[in-house]
Amino acid sequence: WLDAWDRAALEAVVAAEPLSIPRAIIFESPGNMVGIALLMAAVLPLAMRAGRPVIVSNMLLGYAMGAAAFWVGWGLWSRERPDLVLDGVAAPGLHSFPSGHMVHVTLLYGYLAYLWCRASRSPLERILAVLLCAAWITLVALSRLVLGTHWPSDVIAGTLLGLLVAASLAVAHRQAERS
């Protein structure tokens with residue numbers, strides 16, 4: 001039943017055309033290796049300079065945990081990528097389930113949104129941080145689907161794994177601050 005749902009959901013997303021292919025390529029970039037490396041290259045030196053070793057260690061630990069999560073998924077489920085969009089030209093030869101892009105985007109940007117919410121006293125600013133993070137994650141998710149690089153369940157599973165790791169980082173951050 002999941003295969004049938006995935007196929008129907010992916011066909012519906014592609015038919016709705018929420019993004020053009022060129023825009024999808026741009027919006028999926030924050031989740032690829034270059035995008036994540038740029039994020040880390042921006043955040044880690046700033047956190048080190050500000051004397052925030054917990055942020056540095058959590059970002060590095062989160063990245064490693066995210067990579068471990070999707071590599072384990074790829075090892076357990078040797079799922080093929082879809083070939084419904086452009087005959088699968090954008091789908092790499094790697095396994096599909098779960099989406100590594102979504103794991104990393106959700107956990108890293110989710111953790112940064114958590115930090116922003118902790119630093120802000122304004123409820124409106126906190127809402128803005130959460131909405132921006134959710135919009136960013138949604139754009140990356142739609143991009144992965146529009147490009148046909150993942151099935152919808154891959155994207156959902158990757159997002160859920162990313163949320164789990166982001167929540168773990170938030171708990172670890174609080175514990176480190178207390179001690």
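Ser 153 sits in helix α7, which covers residues 152-178, and offers a convenient way into this structure, which is a predicted model. With a relative accessible area of 8%, Ser 153 is buried, because that value falls under the 20% limit. The side chain of Ser 153 forms a polar contact of 2.6 Å with the side chain of Asp 6. Setting aside residues up to four places away in sequence, Ser 153 touches Leu 2, Trp 5, Asp 6, Arg 79 and Phe 97.

One of these partners, Arg 79, is a natural next stop. Arg 79 belongs to the loop between α4 (53-76) and α5. Although placed in a loop, Arg 79 is buried, with a relative accessible area of 15%. Once neighbours within four places in sequence are left aside, the contacts of Arg 79 are Asp 3, Asp 6, His 95, Ser 96, Phe 97, Trp 151, Ser 153 and Asp 154. Asp 6 and Phe 97 thus appear in this list and also among the residues touched by Ser 153. A distance to another part of the chain helps to place the loop residue: the C-alpha atoms of Arg 79 and Ala 141 are 18 Å apart, with their positions 62 residues apart along the chain.

With this corner of the model in view, the overall fold can be described. The protein chain contains seven helices and zero strands, and its elements read α-α-α-α-α-α-α from the N terminus on. The radius of gyration is 17 Å, close to the 16 Å given by the globule rule for 179 residues, so the protein chain is as compact as a globular protein of that length. Along the principal axes, the C-alpha trace spans about 50 × 35 × 30 Å. Of the 179 residues in the protein chain, 45% are buried.

Contacts and surface add further detail to this picture. When contacts between residues at least 6 apart in sequence are considered, 77% of them join residues at least 24 apart. The accessible surface of the protein chain amounts to about 9700 Å², and carbon and sulfur atoms account for 70% of it. As for charge, the protein chain carries 12 positive and 11 negative side chains, and 19 Å separates the centres of the two sets.

Several helical residues show how individual positions fit into the fold. Leu 39 is part of helix α3 (residues 33-49), and counts as buried at 11% relative accessibility. Apart from neighbours within four places in sequence, Leu 39 is in contact with Leu 108, Tyr 109 and Leu 112. By contrast, 23 Å separates the C-alpha atoms of Leu 39 and Leu 145, which are 106 residues apart along the chain.

Helix α5 is also home to Ala 113. Ala 113 is buried, with a relative accessible area of 10%. Not counting residues up to four places away in sequence, Ala 113 touches Ala 129 and Cys 133. The C-alpha atoms of Ala 113 and Leu 132 are separated by 8.4 Å, at 19 residues apart along the chain.

The stretch that follows α5 brings a buried loop residue and an exposed helical one into view. Ser 120 is located in the loop between α5 (100-119) and α6 (123-146), and at 5% relative accessibility it counts as buried. A polar contact of 3.1 Å links the side chain of Ser 120 to that of Glu 125. Beyond its neighbours within four places in sequence, Ser 120 is in contact with Glu 125 and Arg 126. Pro 123, in helix α6, has a relative accessibility of 57% and counts as exposed, because this value is over the 50% limit. From C-alpha to C-alpha, Pro 123 and Asp 83 lie 44 Å apart in space, while 40 residues apart in sequence.

A final residue of interest lies towards the N-terminal end of the numbering. Glu 17 occupies the loop between α1 (2-16) and α2 (21-28). The phi angle of Glu 17 is near 50°, a positive value in a residue other than glycine. Glu 17 counts as exposed, at 61% relative accessibility, whereas the loop residues Ser 120 and Arg 79 are buried.

Technical notes. Residues are numbered from 1 along each chain as its sequence is written. This is a predicted model: local features need pLDDT of at least 70, side-chain atom pairs count only at pLDDT 80 or more; totals for chains, interfaces and linings use all residues. Side-chain values use heavy atoms; hydrogens and water are left out. Helices (H or I, at least four residues) and strands (E, at least two) are DSSP runs, numbered from the N terminus. Buried means under 20% relative accessible area, exposed over 50%, partly exposed in between (1.4 Å probe, protein chains only). A polar contact is a pair of N or O atoms within 3.5 Å; within protein, one must be able to donate a hydrogen and the other to accept it, and residues adjacent in sequence count only if both atoms are side-chain atoms. Contact means heavy atoms within 4.5 Å. The radius of gyration is taken over C-alpha atoms; the globule rule is 2.2 Å times the number of residues to the power 0.38. Accessible areas come from the Shrake-Rupley method with a 1.4 Å probe; for residues, only the protein chains shown count as cover. Lys and Arg count as positive and Asp and Glu as negative; His and the chain ends are not counted. The place of a charge is taken as NZ of Lys, CZ of Arg, CG of Asp or CD of Glu.
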